Amino acid sequence: MMKFLSKVGDYAKDAVQAAKYIAQGMAVTFDHMQRRPITVRYPYEKLIPSERFRGRIHFEFDKCISCEVCVRVCPINLPVVDWEYNAEIKKKELKSYSIDFGVCIFCGNCVEYCPTNCLSMTEEYDLSTFDRHELNFDNVALGRLPTKVTDDPMVTPLRELAYLPKGVMEPHAVDHTERRAGKLPVEIIESAQEQSES
Amino acid sequence: MNGIDLQQSFVELLAGLGLTPAVARALWMPLPMLLVILVVTVGALASTWLERKISAAAQQRIGPEYAGPFGLAIPAADVVKLLIKQTTIPAQSDPLLFVIGPVIVFISVFLSFLVIPFGQNLVISDVGTGVFLVIAISSIAPIGLLMAGYSSNNKYSLLGGLRAAAQSISYEIPLALAALAVVMMSNNLSTIDIVNQQAGLGILSWNVWRQPIGFVIFMIAVLAECERIPFDLPEAEEELVAGYQTEYSGVNFMLFYGASYANLFLSALLVAILYLGGWELPFPIDRVAEVLRIPESSSIWQIVAAFLGITMILLKAFAFIFLAILLRWTVPRVRIDQLLDLGWKFLLPIGLGNLLITAALKLAFPVAFGG
Amino acid sequence: MEKIAENRTIIQYLPYVTRWDYLATMFTEAITVNAPEKLADVPVPRRASYIRMIMLELSRIASHLLWLGTFIADIGAQTPFFYVFREREMIYDLFEAATGMRMMHNYFRIGGVAADLPYGWLDKCEDYCHYQLEKVDEYEKLITNNPIFRKRVEGVGKITREEAINWGLSGPMLRASGVKWDLRKVDHYELYDELDWELQWATEGDCLARYFVRVREMRESCKMVLQAIKQIPGGSYENLEAQRVLGGPKSEWNSIDYQFISKKPSPTFKVPNGEHYVRVEAPKGELGVYLIGENSVFPWRWKIRPPGFINLQVLPQLVRGMKIADIMAILGSVDIIMGEVDR
Amino acid sequence: MQVSLDGFLVVAAALFCIGIYGLITSRNAVRVLMSIELMLNAVNLNFLAFSNYLDSANIRGQVFAVFVITVAAAEAAVGLAIVLSIYRSRDTVDMEEFNLLRW
Amino acid sequence: MNLSQGVELVSLVVLTTTLIAAAMGVVLIPSIVYSAFLLGLVFLSMAGLYLLLNADFVAAAQVLIYVGAVNVLILFAIMLVNRRKAYREVKLGLLRTIVTAVVCLALFGLLLFTNLNTIWLLTPRVVALPSTIVALGQHFFSDYLLPFELASVLLLVALIGAIILARREFVPDRKQESLELLERPKEQLVSAGEE
């Protein structure tokens, strides 16, 4: 009898324990209900791409020396460099340059290895078209500059985590012009000099 | 204890216009049915909206926002979308059973609302078998689920249908036992009498204080009957695609979807009626009338009281729905054998024990437990 | 993937590797640069090594987070999935700021990393780690003691110590079965020895133990990142720059230890003659590359040893005699990425 | 026209005969059980009809009907369990194959 | 004839027609699954008839137990044992069916005859009890206490019996199938290459 009763007691204790832990879990979800939603309402709010963001590639025709390093470091040798040797000036003369962004994976190797820095990454990422051939950008299209999110009056720009002020984890409450975390080197030098003076 | 009698006033009104009472009564008949269908549909739609909003809030999202104020038009958009969507019937299925299945489930849920009261006289039919009838009618639904599962000609659907049926009949027993303990205290199966028995002392006289164990059993069983997480095994996406709903689309799917939310609404109302004092306010409303020196029989007071009652019962029901939704987005799903274990090895003996204790208490303290 | 590697220079191949295991991207890059680095004896500056460790541990947290979300979602709870994505997005924000991409970083280079950390990055990373530690507590509150969760995973999918070793398991799968084996401790690669950290392991070998090991590893990784932020040579980038300006052109701050890369690899970097096997402790287990070079720009053989593929082998044995629903729990606890399994 | 006892009795008789027909001709053991349920229902209808028209003050027929329902539930459970175990050992539910007393 | 009587008559006709048609379907339709679903329809229309006979509790019990339990149980059994396999032909099968049908029709005629020729001791006026539940309960706990208790014991026995019968006593120990891929031995491949 006592054994049975103790068994029933254990059973009841288990049940109470289970209820307690489920309630604990529900407290967590309930607590989330009063937190601010972290979602970005995309067409109305947009994240500002980071400074190093690797978007559509920008190309400056005049700087290019047709060395084709970009082709050699590209995983699939994608850039098409059309040049002709001009015997008069003993130089390669670039005729046209194109990258097909339907194939490009935006690894940034070409930009990294370009000796004259005529290639650069922009912050443009929404490259959707109805026809994939339209994604094949020639040197004119590659020379265009993208619009900035911060310039668009329709959009509330939001900053990514790395560009928020120290201690702030959520972009919604922060204006995008506020200072980000970290000191500028100048400030560090100034404070160091002040310390050495004092 | 006699609220407004809408039927009587309606009949009298029409009789005043020169109609015979019989015709007036016949004219009255379809009105409450239409009203009930309306209320249930709106209730179910509100539940789907709540589900979206609450799950969004629990996950730090926003949820529907642009369709109407706070996305309130989303349920309507849902309905329209499902109505105009093409209804596919799988080629190898059994088309007749495939269509009938969801209809049976839908009807069985809507029928149960016949005996759900929203106020003293705000009920379609105050039948003597009240709660028993609800339990009986809700037991028709597994047939529809089995039908849907079998006719889809899909092993996931069949498994889902079988699981749904097994789950539904296993949890009906603890559900009935818990309800029986309440019935035992009120000496009546009628939903109205059950509520009336909880009147008097306001919140203190609600059954939840006298039947805490029964309340918990009933809540668990009702969640299982509604097939909601943690008991949504028939539709467990990770295991069975979507169970018996796998092959459904368009209107047929809407029937299932609507039935599941209507069922949630029904269960919430049942919880409110059986344990939370139905349309009673947390404080006795008669006393308020006394304090305010308003004669209880005055029509304005009665309308106010009825309005308050409807608000109360809806508040209680939606509080339960809120709890169910929050629970759904908090806990994982149990396994089917654990589910049946819980039903048969835990809830059933406890339900029986609760029944015995209630009977003993009723004999020992007839005052507090309905002599 | 292996054949692609054998037809590319390492530079060309680097952007590909994040596709093996697209949730623990830094590790695939780490192994891809480690293998030729070790073969060619390229030195790695201390600062670069620290940056690598920070990135690797952040990547480990991201991978474990996503594992947690899918594992719980497989069992039926959907909400933690959203919570882990919230934190994962933060890690990816940090990655994007440092590398330019959220997932396909192309950040590691032979002899270091592609670029130094940007301004203020270490501050935000520190913020993030403190935040993440809090959040792990929250997950634990939500999940660990939940009786339904316990019932679904406790004692399910048991692997004994011997079985785990015999099947060649690695990573948390192995550690949950009671083997103290972590390549970070065993191989002493990068500068993990300079950090004070503990190996997380459990003895039960069931799904719950694997859950515990991974959750604890998340915590441990956070602490490691915090330590690394404190110890990184030169401190944050802005400080490094300021010191260089203060010290003038001949200052010690220009020495190799404070560089982010020892020497920028040329596009025609040759994989030297020789063969060897290099491995790192990825979040899913031992990620290794067996490399044969023949003094050409392309490697002659590039054999990948993916942890997911080998951990997945044990599944048929684990699910034998279990319920259908348990398959989900077990498969979830194995933590596989199909890109890696079928690389 | 008042609905009378005879009407109900005729319906019950028809149902009972359909049940008997099904009981004898069915080859599927489950269908045999279903036929038995039909017959029990016919009996129940009789009980209730008698109870209503002959004993409406004292509804003893309804008491019996409840007992019949109880027994029918028990019968269905045991019967189906037997069918299931036969199916396991003989791999068929054909009544004609059940020609051994023990299986 | 007033409204309620009209409703009563119409529902009687509808219910009876459904009942007989569905019952015929149960025994005649070749597909066992269909007949099981029709059986549910029989039970439901039967519950409707009970309501017409002023037996609301029994009607609800009918729905709960027959539709909710028995019919679902039958469906379960069908899903478990349903193997589409043609039955072995039996000798004189058709003759048997015809004889049975004739006998059943004869029985029906007999019952009809008896029914119409009996003078029932009808109560002059049928009064529905306000609550059948109370009356039933009083019967169960006074004059029918013994059968009531026996019925509960019977249910318990049936429950245990059904579990024991349906339970698998032993798990058949199937030989562990090897999960290796079946590969042809190497020698064969070599020889195939030589040919």
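User: Which residues form the nonpolar patch on the surface, and with how much accessible area together?
Analyst: This is a predicted model. The patch lies on the surface and is nonpolar. Its accessible area comes to about 590 Å² together. The residues are A:M1, A:M2, A:F4, A:L5 and A:V8.

User: Take A:V8. Is A:V8 buried, exposed or partly exposed?
Analyst: A:V8 sits in helix α1 of chain A, residues 2–33. Its relative accessible area is 41%. Buried means under 20% and exposed means over 50%, so a value in between is partly exposed. A:V8 is therefore partly exposed.

User: Now the interface of chain C and chain B. How much area do chain C and chain B bury between them?
Analyst: On chain C, 22 residues are in contact with 18 residues of chain B. Of the buried area, 59% is on carbon and sulfur atoms. The two chains bury about 1900 Å² between them.

User: Which residues of chain C lose the most area to chain B?
Analyst: Three residues of chain C stand out here. Together they give 24% of what that side buries. They are C:T79, C:F82 and C:I148.

User: Which elements give two or more residues to the side of chain C that touches chain B?
Analyst: Across this interface there are eight residue pairs in polar contact, both residues at pLDDT 80 or more. On the side of chain C, the elements with two or more residues are α4 (46–75), α5 (79–99), α7 (147–153) and α15 (324–334).

User: Which side chains meet in a salt bridge between chain B and chain C?
Analyst: The rule finds one salt bridge across this interface. Its N to O distance is 2.7 Å. The partners are B:R335 and C:D326.

User: With which residue of chain B does B:R335 form a salt bridge?
Analyst: B:R335 counts as buried, at 10% relative accessibility. Its partner in chain B counts as partly exposed, at 23%. The closest N and O atoms of the pair are 2.9 Å apart. The partner is B:D337.

User: How many salt bridges does the structure hold over all chains?
Analyst: Side chains of opposite charge can pair when their charged atoms come close. Counted over all chains, the salt bridges come to 49.

User: Why does the salt bridge of A:K166 and C:D127 join two chains?
Analyst: The two side chains meet at 3.3 Å, N to O. A:K166 lies in the loop between β7 (156–158) and α5 (185–197) of chain A, while C:D127 lies in helix α6 (residues 121–143) of chain C, so the pair joins chain A and chain C.

User: Which of these is buried and which is partly exposed, A:K166 or C:D127?
Analyst: A:K166 has a relative accessible area of 43%, so A:K166 is partly exposed. C:D127 has a relative accessible area of 10%. The buried partner is C:D127.

User: How many residues apart are C:R184 and C:E57?
Analyst: C:R184 forms a salt bridge with C:E57, the closest N and O atoms being 3.3 Å apart. C:R184 is in helix α10 (residues 183–186) of chain C, and C:E57 is in helix α4 of chain C. The pair links distant parts of the chain, 127 residues apart.

User: Are C:R184 and C:E57 buried or exposed?
Analyst: C:R184 has a relative accessible area of 2%. C:E57 has a relative accessibility of 1%. Buried means under 20%, so each value falls below the cut-off. C:R184 and C:E57 are buried.

User: Which residues are linked with C:E57 and C:R184 in a network of salt bridges?
Analyst: The network lies in chain C and includes C:E57 and C:R184. The other members are C:R60, C:R175, C:D182, C:E217 and C:E281.

User: Which side chain makes a polar contact of 2.9 Å with the side chain of C:R279?
Analyst: C:R279 is in strand β3 (residues 274–282) of chain C. At 22% relative accessibility, C:R279 counts as partly exposed. Beyond its sequence neighbours within four places, the contacts of C:R279 include C:I31, C:W181 and C:L183. The polar partner is C:D187.

User: Which chains share the most contacts?
Analyst: Chain A and chain D have no contact, with closest C-alpha atoms 31 Å apart. Chain B and chain D do not touch either, with nearest C-alpha atoms 14 Å apart. Of the six pairs of chains in contact, the one with the most contacts is chains D and E.

Technical notes
Residues numbered from 1 in each chain as written. Chains lettered and ligands numbered in written order. Predicted model: local features only at pLDDT ≥ 70, side-chain atom pairs only at ≥ 80, totals over all residues. Heavy atoms only, no water. Helix = DSSP H or I, 4+ residues; strand = E, 2+ residues; numbered from the N terminus. Buried < 20%, exposed > 50% of the residue type's maximum accessible area, 1.4 Å probe, protein only. Contact = heavy atoms within 4.5 Å. Polar contact = N/O pair within 3.5 Å; in protein donor to acceptor, adjacent residues only side chain to side chain. Patch = residues over 30% accessible without salt bridge, like charges linked within 9 Å, V, L, I, M, F, W, Y side chains within 5 Å. Areas by Shrake-Rupley, 256 points an atom, 1.4 Å probe, with all protein chains shown as cover. Salt bridge = Lys/Arg side-chain N within 4 Å of Asp/Glu carboxyl O. Buried area = accessible area lost by both parts, 1.4 Å probe.
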